[in-house]
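Me: I have a structure open here and would like to go through it with you step by step. Could you help me read it?

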Amino acid sequence: MSLFSFVSIGNADVNFAGKTVTWVVPFKEGGGTSRFARFIQPFLKKYLPGNPDVQIMHIPGGGAIKGSNYFEKNAKADGTFIFGCSTSVIVNVATGNPLVKYNLSEYRPVVLLPQNTHWFTRSDLAEPHDLSKIKERKLVLYALKTPASADLFHIWIYEKLGIKGAKPIPGLSSSGGYQAFLRGEIHLSSHGAANYVKKVKPEIEKGKVVDLMTLGIIGADGSVSRNPLAPNAPTFPEMYEKVNGKKLEGDDLEAYYAIGAAWSQASKAMMLPADASDEIVKAYRDAAIKMTNDPEFKAKAVKALGPFPLIIGEEAGEIIKKAAVFSDTTKNQLNAALKKHKFTYRVQ
Amino acid sequence: MEQLLAALFQLFEPTHLAFLFAGTLLGLIVGILPGMGGTSGLALVLPFVFTMEPSHALAMMIGVLAPTTTSDTFPAVLMGVPGTAGSQATVMDGFPLSKKGMAARALSAAFSASLLGGIFGAFILSISIYYAIPIIMAFGFGEQFLLVVLALLMVGALTGDNLFKGIASCFLGLIIGSIGTAPITGDPRYTFNTLYLLEGVPLVVVGLGLFAIPEIVGLLDSKGSIAKSLNTKKGWFTGLKDVVKNWFLVLRCSTLGCLVGALPGLGGTVVDWIAYSHLKQTTKDTSQFGKGDIRGVIAPESANNAKEGGALIPTLIFGIPGSGNKVLLLGGFVLIGIEPGLDMVTTNLDLTYLMIWSLAIANILGAGICMGFSSQISKFTLVPYYILAPVMVCLIFFATFNINRDWYDFIGLLSFGIIGITFKNFGWSRPALLIGFFLSSKVELLSYQTQAVYGLSFLSRPVSIILIILCLATIVLLTKQKFDSNYRSDLIKGKLTQIYYIIILLCLPLSMIWFTSSLDYRANLFPISLSVIALSLLVFILIVKIADLKNLSFLNNTFMRFARSNIFEISGNFNNQLFYYFSFIGFLLMNFIFGFPIAAAIFINIFILFHNRKAYVSSICISAVLMVILWSLSSLLTLQFPNGLIGLFIDLPWWLGGQLN
């Protein structure tokens, strides 16, 4: 008995022994956020003080709003409730969806899992890493699921790169869009890292598809580095500089950071409720750090979660704030792009 | 080839086999229950599959679908009632054979024909997977758009008793499917500012409401047709010999079944008739048909099992359902996170092979169980409906709640239940409504996508032209072949009710136009165009009905005679069915007050005792057994029971509907 209390001395007040931690995931089973949660679940049980059972509760619906609102209303602050967040949960907040009742920017993030976006085109349309031929085209079609999703950022990206012919084709999922791209019906396409490796890389090796750019990996100090999966492809800031003849700065840079935080850095996240105490947040962060040192985690993480290291600690909170609260200039930039393409939807 | 074998080995892992077996058993049971088929069976398991691993879920779902058309022969042969829509033609000769004391011969012939047909279907499916990539690449937005539209037209034209009512059903389904967020602009359409309608009604709710509820009240209404005695002992060997002798017929009908199944949207309800009429046309001596010719059992049974493999082709490679129950299968794909299309033949090829093997093995298992345990299974048809019905209602409610744990889903279930009951009674097409509902967003998106990429030029692309010709030819051929049901308008009572019903139906398109007219044109163009078409169809049907009722003279030309056929339809006693339907509403209220476990126990006991006062022993046993099953399911899958109002005041344990953990 005395041995037990000795072990948990670091977190004298926090012990989850005999408790059940409920991990609310506002998506259906099988999706990316669910897979992320399932992968972390056993490690969390192993390293949280008292080894609580961790159960995942899926509440899909309403474009992730239903489950997120449920968490806001029902989560206890004692560390027995955690939240599985993703880009779309953040975008709902950032774009001011009136149905949102959750105060995401105040939540206490434990772990962020970054992602990255790759853009590419057919090899008969452009040289690798070069947009000039694309910019000459009258019509450049690309897939856009709905303007009320993270796909909205594509509109802004193409706008800033001066692709005048860019025209979104609505209602295409990334997989459906990629199929249409392979059939030659659309010209520009993009994928996240996992599908890029699985589906796009083989086509690049066959010579049918060429890389254009990646979103770039944003560091804690704001520096942007290239994506290790496509090290030769320029990042968006590099491409912006090449096309516009000036560095990415000012309002455009601010918008890029906001988009990068929502889309890339906080692609998946595990969070505690806003009123969780510092001790509980610390217990969770400690468990997360121990998890990343676990040999089993190290062996499986790259395959299950992708090549980008987890973000743990205070830095994560800053990223979530940046992602969830868009400044008025960023909103105006996005709305200008929406207006130009005759969308009625507006970021609020 | 390596992957093909790897998938087979994967399937023979004990867990996979267990899920496949569980699915097959459920499929056999829903097949035996008259009227219940793959659609209801799959709708019952869908709320639970998404806690499973994708490969387990697929094995289970295919397990449910494959054997329904095997076991549906029991009621068709023994009682003269088709077990699923796919065995209507089996009744023609199967029931007379049974009356002649040759039930065993008919059953064994049917099971072995089903087995061969099913395996043939799986074989054709696996071959077509090899050629799928070029097909997918040749089908751009324009071709897919045409394929979907043609699928809808065919379903509408061929699954309804009346061509115009069938097509109108389709459009009503499309309109209901357009409820929710407009895909292009994100505007809410017809949602009345509720979060529930923002994503549209869940597919499982629609499936259970349209198919399961009407069949249950239908069964309760037709309590008379229970088999009195069963003689299934002798003649098994004769049946097997019949199939061997008619091997070429089995092959032809399986091919036919596969082809019809592969036509998008078509399947279940027509394939058995097509096989039967093919048999009649190719046979010299037709004198015994309808009186107990064994070939009349072999032909539809081999075709209706073969169609499953065929119907999976468009389902897997385009995400366009090959038949009604594939709509639910596609819904299941969404739940477990796999997307039909190119992925199914590239990165997810292992899952596709797993489905093919599951299909073949489920057919073998199903036929094997049916033959091996025929006398036990045939006793199942002796169970009175008033015992089956409340159990099924409880299962449906349990499944419905576990889709989203949302009470609104019960309202959705009962609303689609009453739509299903009226559609079934008044001769509108439920498969067309379901497929229209499912394909609605696809039609809308494809029309925008086609317009953006091609404009109208897609119509002149070679594949498009082939598709249009194929579709027109099918409709013309099949409407000619369609079985004449000896329709007599003068025998139908209560025609006025059906006329009022159309006026109720008119409210849907009218209100849709009203509520969406203020939106952006990209958000309301689709629902308003659909509504206008639906309105014109409904008004036309209304005119024909009134003319038929008053016996007006302008009906006496070829076109109007065609339009008039089966314009009124009534099956069973509508008022009786409404009575049973209202008892379900009572059950919902009990749920709301007491929570599900208590309400279910009360409902089952009251329902059974109402029909048979002496049956209290069985009613108590049945409710107890059902609760034990549901309790173990819940603790296994961490599901929750609906908890009622009293749960707010008293802290109930979870097994009485209290909160988990």
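Me: Let's start with chain B, then: which domains is it divided into?
Reply: Keeping in mind that this is a predicted model, chain B is divided into domain 1, which covers 2–227 together with 239–470, domain 2, which covers 496–564, and domain 3, which covers 574–656.

Me: And how many Å separate the centres of domain 2 and domain 3 of chain B?
Reply: Taken over C-alpha atoms, the centre of domain 2 of chain B and the centre of domain 3 of chain B are separated by 40 Å.

Me: OK, how many helices and strands does chain B have?
Reply: Chain B has 32 helices, and alongside these there are two strands.

Me: Why can chain B be called as compact as a globular protein of its length?
Reply: The radius of gyration of chain B is 24 Å, and the globule rule gives 26 Å for 661 residues, which is close, so chain B is as compact as a globular protein of that length. If you want a box to picture, the C-alpha atoms of chain B fill one of roughly 75 × 65 × 65 Å along the principal axes.

Me: What percentage of chain B counts as buried?
Reply: Of its 661 residues, 57% count as buried. As for contacts in chain B between residues at least 6 apart in sequence, 78% of them join residues that are at least 24 apart.

Me: Switching topic, how many residues of chain B are in contact with chain A?
Reply: There are 31 residues of chain B in contact with 30 residues of chain A. On the side of chain B that touches chain A, at least two residues each come from α12 (195–198), α18 (324–336), α19 (342–345) and α24 (430–453) of chain B.

Me: Which of them gives the most?
Reply: That is α24(B), which gives five residues to the side of chain B that touches chain A. The residues of this side divide into 15 nonpolar, 11 polar and five charged.

Me: Now chain A: what is the strand order in its open sheet of six strands?
Reply: The order is β2-β1-β3-β12-β4-β13 (chain A), and the pairing is mixed. The edge strands are β2 (53–58) and β13 (311–312) of chain A, each of which pairs on one side only.

Me: How do β4 and β13 of chain A pair, parallel or antiparallel?
Reply: Strand β4 (residues 108–113) of chain A pairs with β13(A) in the antiparallel sense, over two bridges, and V111(A) has I312(A) in β13(A) as its bridge partner.

Me: Which strands does helix α11 of chain A lie across?
Reply: Helix α11 (residues 278–293) of chain A lies across β4, β12 (268–272) and β13 of chain A, and runs at about 20 degrees to β4(A).

Conventions:
Residues are numbered from 1 along each chain as its sequence is written. Chains are lettered from A and ligands numbered from 1 in the order in which they are written. This is a predicted model: local features need pLDDT of at least 70, side-chain atom pairs count only at pLDDT 80 or more; totals for chains, interfaces and linings use all residues. Helices (H or I, at least four residues) and strands (E, at least two) are DSSP runs, numbered from the N terminus. The radius of gyration is taken over C-alpha atoms; the globule rule is 2.2 Å times the number of residues to the power 0.38. A residue is buried if 20 or more other C-beta atoms lie within 10 Å of its own, exposed if 12 or fewer, and partly exposed in between; C-beta atoms are placed from the backbone. Two residues are in contact if their C-beta atoms, placed from the backbone, lie within 7 Å. Two strands pair if DSSP finds at least two bridges between them. Axes are lines fitted to C-alpha atoms, for helices over the stretch in contact, and angles run from 0 to 180 degrees between N-to-C directions. Ala, Val, Leu, Ile, Met, Phe, Trp, Tyr, Cys and Pro count as nonpolar, Asp, Glu, Lys and Arg as charged, and the others, Gly among them, as polar. Domain bounds come from an automatic or database domain assignment.
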